[in-house]
Amino acid sequence: MPIDRRQFIVTTAALAASAALPRLAFAAPSLDDLYEAAKAEGEVTWYVVPMSSESAERAGAAFTAAYPGVKVNVVRSTAEVAFQRLNQDISTGVANCDVLTTSNIAHAMDLKSRDLLAIYTPIRKDEVFEEFRGIDPDDAYHVSVAGPMSIVYNTDKVTEADAPKNWPDLLDPKWTDHVAIGHPGFSGYVGMWAVKMKELYGWDFFETLAEINPHIGRSSIDVVTTTASGETLVGAGPTASALISAAKGNPIAVIYPTDGTVVITSPSAILADAPHPNAARLFSEFLLGPEFAEVVAADFGNPIRPGVPLAAGVVPFDEMKVITATTDQMINGIPELAEEFRDTFGI
């Protein structure tokens, strides 16, 4: 089905009004000028969530290949760990992070509300699909990654015919002790998936899931690891990570659920106290540009730019049934759900 812009980007006048007054926007005169300024700084530190460590390192290498003389320090973690680390940096007055790419937009909103983000208007902001433009009217953050969450299954032990076709199929008693999920208290991807499951099926979904003793990791990527190894048989995991694993010869495949693939839009932002501000701006351009889109596509992801060929097995956004969390669910729903989750599963 076609992408519904309002499903992807939900911003309101009330939300914008509640944020602190933005700093003056910076617009680069050209990428060449930015590059010259970035070379003088020599590096950029990237706190990144919605990619595997391997994919993030490849992205960093692609940036340095495109812009020699500027290296990328990749710091990859889950959403909550990245946000906690960043807040520790802020509280101690140590500026480490230049660019944050998080899977939880509420984190970007919180940082903006505290006047901790630099306002930057990218040269490439209108080169991405229209559905991913204008997530913040003040240009404090921009969508740079959009990742689907799908059903994954072990192909050595589960046939395609027997694999779950929709999210409630994961609750079948035949998957007792063998269904994998992440933890919404640590992973932004899992948090957004979980709020959609609660919206669609109520808390009964998780109470029934608890009865079949799921394997619960921290990151959604843990689901891919345990399913590919056969420790679990099915689960809710990131599509790109599962397809990467399959391409390496592991027995794992994906199902795009009939009741909706959960797509997580991940924003990137430049910190107001970024130690390498010009390199941060250049890296923000890179995240919206063709080189990064090619890395995403090569790693079985769905780039947010048009005209980038997809890897084998990747379904375009406009051919899947897309569901995604609203702004209110991201800000208020995930923290509340994480507490309910701990109560239900005891972790």
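In this predicted model, Ser 103 is buried, with a relative accessible area of 1%. The residue sits in the loop between strand E3 (99-101) and H6. Its surroundings come from several parts of the chain. Leaving aside neighbours within four places in sequence, Ser 103 is in contact with Val 49, Pro 50 and Ala 79. Gly 188, Tyr 189 and Met 192 also touch Ser 103. Ile 264, Thr 265 and Ser 266 complete the list.

Tyr 189 leads on to another buried site. Pro 238 and Tyr 189 are 49 residues apart in sequence. In space, their C-alpha atoms are 8.0 Å apart. Pro 238 belongs to strand E7. Its relative accessibility is 6%, under the 20% limit, so Pro 238 counts as buried. Beyond four places in sequence, Pro 238 touches Pro 148, Met 149 and Tyr 189. It also touches Ser 220, Ile 221 and Val 224.

Strand E7 (234-238) also helps to cover helix H10. This helix spans residues 239-247. Its buried residues are Thr 239, Ser 241, Ala 242, Leu 243, Ile 244 and Ser 245. Besides E7, their cover includes H4, E4, helix H9 (221-229) and strand E8 (252-255). Just after H10, Gly 249 takes a positive phi of about 100 degrees.

Helix H12 covers residues 290-298. Here Phe 292, Ala 293, Val 295, Val 296 and Ala 297 are buried. They pack against strand E1 (43-48), helix H4 (53-66), E4 and helix H11 (277-288). H4 and E4 are thus named for H12 and for H10. Just after H12, Phe 300 takes a positive phi of about 65 degrees.

Two other residues have a positive phi although neither is a glycine. For Asp 139, phi is about 65 degrees. For Asn 213, phi is about 55 degrees. Asp 139 lies in the loop between helix H6 (105-113) and strand E4 (141-154). Asn 213 is placed in the loop between helix H8 (204-211) and strand E6 (215-216). Their exposure sets them apart. Asp 139 is buried, with a relative accessible area of 9%. Asn 213 is partly exposed, at 47%.

Leu 310 is another loop residue, placed between H12 and strand E10 (322-323). At 35% relative accessibility, Leu 310 counts as partly exposed. That class lies between the 20% limit for buried and the 50% limit for exposed. Leu 310 touches Gly 301, Asn 302, Pro 303, Val 315 and Pro 316, not counting residues up to four places away. Met 320 is 10 residues from Leu 310 along the chain. The C-alpha atoms of this pair are separated by 14 Å.

The largest nonpolar core has 95 residues. Trp 46, Trp 193 and Phe 206 touch the most other members. Apart from this core lies another, of 13 residues. Among its members are Ala 228, Val 254, Ala 311 and Val 314. The contacts of Trp 46 were listed without its neighbours within four places in sequence. They include Met 51, Ala 56 and Ala 59. Val 72, Asn 73, Val 74 and Val 75 also touch Trp 46. Further contacts are Val 99, Thr 101, Phe 283, Leu 287 and Phe 292. Phe 292 is one of the buried residues of H12.

The whole chain holds 13 helices and 10 strands. Its radius of gyration is 20 Å, close to the 20 Å that the globule rule gives for 347 residues, so the chain is as compact as a globular protein of that length. Along its principal axes, the C-alpha trace spans about 60 × 40 × 40 Å. Buried residues make up 56% of the 347 residues. Among contacts with a separation of 6 or more, 81% join residues 24 or more positions apart.

The chain exposes about 13,700 Å². Carbon and sulfur atoms supply 52% of this area. The chain has 24 positive and 45 negative charges. The mean positions of these two sets are 2 Å apart.

How values were computed:
Residues numbered from 1 in each chain as written. Predicted model: local features only at pLDDT ≥ 70, side-chain atom pairs only at ≥ 80, totals over all residues. Heavy atoms only, no water. Helix = DSSP H or I, 4+ residues; strand = E, 2+ residues; numbered from the N terminus. Rg over C-alpha atoms; globule rule 2.2 N^0.38 Å. Buried < 20%, exposed > 50% of the residue type's maximum accessible area, 1.4 Å probe, protein only. Contact = heavy atoms within 4.5 Å. Areas by Shrake-Rupley, 256 points an atom, 1.4 Å probe, with all protein chains shown as cover. Lys, Arg positive; Asp, Glu negative; His and termini not counted. Charge placed at Lys NZ, Arg CZ, Asp CG, Glu CD. Core = buried A, V, L, I, M, F, W, Y, C linked by side-chain atoms within 4.5 Å.
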